[in-house]
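Open your viewer, get the selection box ready, and follow along one stop at a time. Each stop tells you what to select and what you will find there.

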Amino acid sequence: MPVSLSVVIITFNEEANIGRCLSALQDIADDVLVVDSFSTDRTVEICRQHGARVVQHAFEGYVEQKNYATAQARHDYVLQLDADEVLTDELRASIRATKAAWQHAGYTLARLTNYCGSWVRHGGWYPDRKLRLYDRRLGRWEGLLLHERFEVAAGQSVGVLAGDALHYSYHSVDQHVSQLNRFTSIAAAELALRGKSRVTVFHLLLKPVWRFVHGYFFRLGFLDGFAGLCIATISAWGVFLKFAKLRTKPASAALPV
């Protein structure tokens, strides 16, 4: 018998994305749960219009929020999505086949990112595989403040899904820079929590240069045209910001509000 699948999504002010995400779930989801961090826009209204269950829960961190959302699902088999992701037909077919013959503790999917209207296939941004489909009894979300990941229990296997999740990441360069500022604050706080407080010229100059060269040339980011140039340049700037913020903030004050 096919397994029953819960789709869980965490949100905050995602009215521009959430409807598109939910519309692509009808033929795979037996339960759709949105855990919302008290959005001030139409996110909750749109979710309910699409028939999703909505639970509001204060945001305590990505790991904590995703573990909380996973625990609220009606079924043990869970697909976790972000509000700005949309399943393609091929990926939905792969998920349906997996539901009919579940074999692993979890499955990874590929993400194809749309950056300011362009699909990005180079620079390390594709296939950007993430473990998102899983049996919640056989793992949990782990990490500190950023780069959360679902870790399956020791000895468990992981499969691979066919098809892409379309990731509508940044609609403008301004949005990318704004989010970069927030994420570099979180990344600096995470480094401080790990006791990595030493910042040198190597971190402030050479690592940003290497990030640009590696992404733009070695990972063929230049093949993505203007989008590839923006991504490589802003990513390099992000490396500098992360270490500059770490250097100028004491560990006790590193956590962002």
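**A proline in a loop**

Start by selecting Pro127, which sits in the loop between β7 and β8 (130–135). Keep in mind throughout that this is a predicted model. Now add Tyr126 to your selection and look at the bond between the two residues: Tyr126 and Pro127 are joined by a cis peptide bond, with omega at about 15 degrees. Most residues other than glycine have a negative phi, and most peptide bonds are trans. That background will help at the next stops too.

**Two residues with positive phi**

Move on to His147, in the loop between β9 (139–142) and β10 (149–152). Its phi is positive, near 60 degrees, and His147 is not a glycine. Is His147 buried or exposed? It counts as exposed, because its relative accessibility is 61%, and the cut-off for exposed is over 50%.

Next, select Phe38 in the loop between β2 (31–36) and α2 (43–49). Here too phi is positive, near 60 degrees, in a residue other than glycine. Phe38 counts as partly exposed because its relative accessibility is 45%. Which residues does Phe38 contact, once neighbours within four places in sequence are left aside? Show Phe12, Gln56, His57 and Ala58 to see them. You can also try the distance tool: the C-alpha atoms of Phe38 and Ala52 are 16 Å apart, and these two residues are separated by 14 residues along the chain.

**A buried serine in a strand**

Now go to Ser6, in strand β1 (residues 5–11). With a relative accessibility of 0%, Ser6 counts as buried. Show the side chain of Asp31 as well, and you will find a polar contact of 2.7 Å between it and the side chain of Ser6. Asp31 is one of the residues that Ser6 touches beyond four places in sequence; the others are Ala73, Arg74, His75, Tyr77, Val78 and Leu79.

**Two domains side by side**

Zoom out and colour the chain by domain: the assignment gives domain 1 as 5–170 and domain 2 as 173–248. The contact takes 16 residues from domain 1 and 22 residues from domain 2. The C-alpha centres of the two domains lie 26 Å apart.

The size of an interface is often given as the accessible area lost when the parts come together. For domain 1 and domain 2 that buried area is about 1,700 Å², with 65% of it on carbon and sulfur atoms. How many salt bridges does the rule find across the interface of domain 1 and domain 2? The count is zero. Polar contacts are another matter to look for: eight residue pairs make them between domain 1 and domain 2, both residues being at pLDDT 80 or more. On the side of domain 1 that touches domain 2, β7 (118–120) and β11 (158–170) each supply at least two residues. The largest share of that side, three residues, comes from β7.

**A threonine in helix α5**

Step into domain 2 and select Thr184, in helix α5 (residues 173–193). Thr184 counts as buried, because its relative accessibility is 5%. Look for a polar atom of its side chain, which lies 3.0 Å from the backbone oxygen of Asn181. Then show Gly238, Leu241, Lys242 and Lys245, which Thr184 contacts when neighbours within four places in sequence are left aside. An α-helix has 3.6 residues a turn, so residues three or four places apart point the same way.

**Along helix α6**

For the last stop, select helix α6 (residues 201–218) and walk along it. Just at its N-terminal end, Thr200 acts as a cap: one of its side-chain oxygens lies 3.2 Å from the backbone nitrogen of Phe202. Where does α6 kink? Look at Lys207, where there is a kink of about 30 degrees, shortly before the proline Pro208.

Pro208 is also one of the buried residues of α6, along with His203, Leu204, Gly215 and Tyr216. Show α7 (225–248) next, since you will want to see the partner: the buried residues of α6 pack against it. Finally, step past the helix to Leu220, which follows α6 and has a positive phi, near 60 degrees.

How values were computed
Residues are numbered from 1 along each chain as its sequence is written. This is a predicted model: local features need pLDDT of at least 70, side-chain atom pairs count only at pLDDT 80 or more; totals for chains, interfaces and linings use all residues. Side-chain values use heavy atoms; hydrogens and water are left out. The bend at a residue is the angle between axes fitted to the seven residues ending there and the seven starting there. Helices (H or I, at least four residues) and strands (E, at least two) are DSSP runs, numbered from the N terminus. Buried means under 20% relative accessible area, exposed over 50%, partly exposed in between (1.4 Å probe, protein chains only). Contact means heavy atoms within 4.5 Å. A polar contact is a pair of N or O atoms within 3.5 Å; within protein, one must be able to donate a hydrogen and the other to accept it, and residues adjacent in sequence count only if both atoms are side-chain atoms. Domain bounds come from an automatic or database domain assignment. Buried area is the accessible area (1.4 Å probe) that two parts lose on being put together, summed over both. A salt bridge is a side-chain nitrogen of Lys or Arg within 4 Å of a carboxyl oxygen of Asp or Glu.
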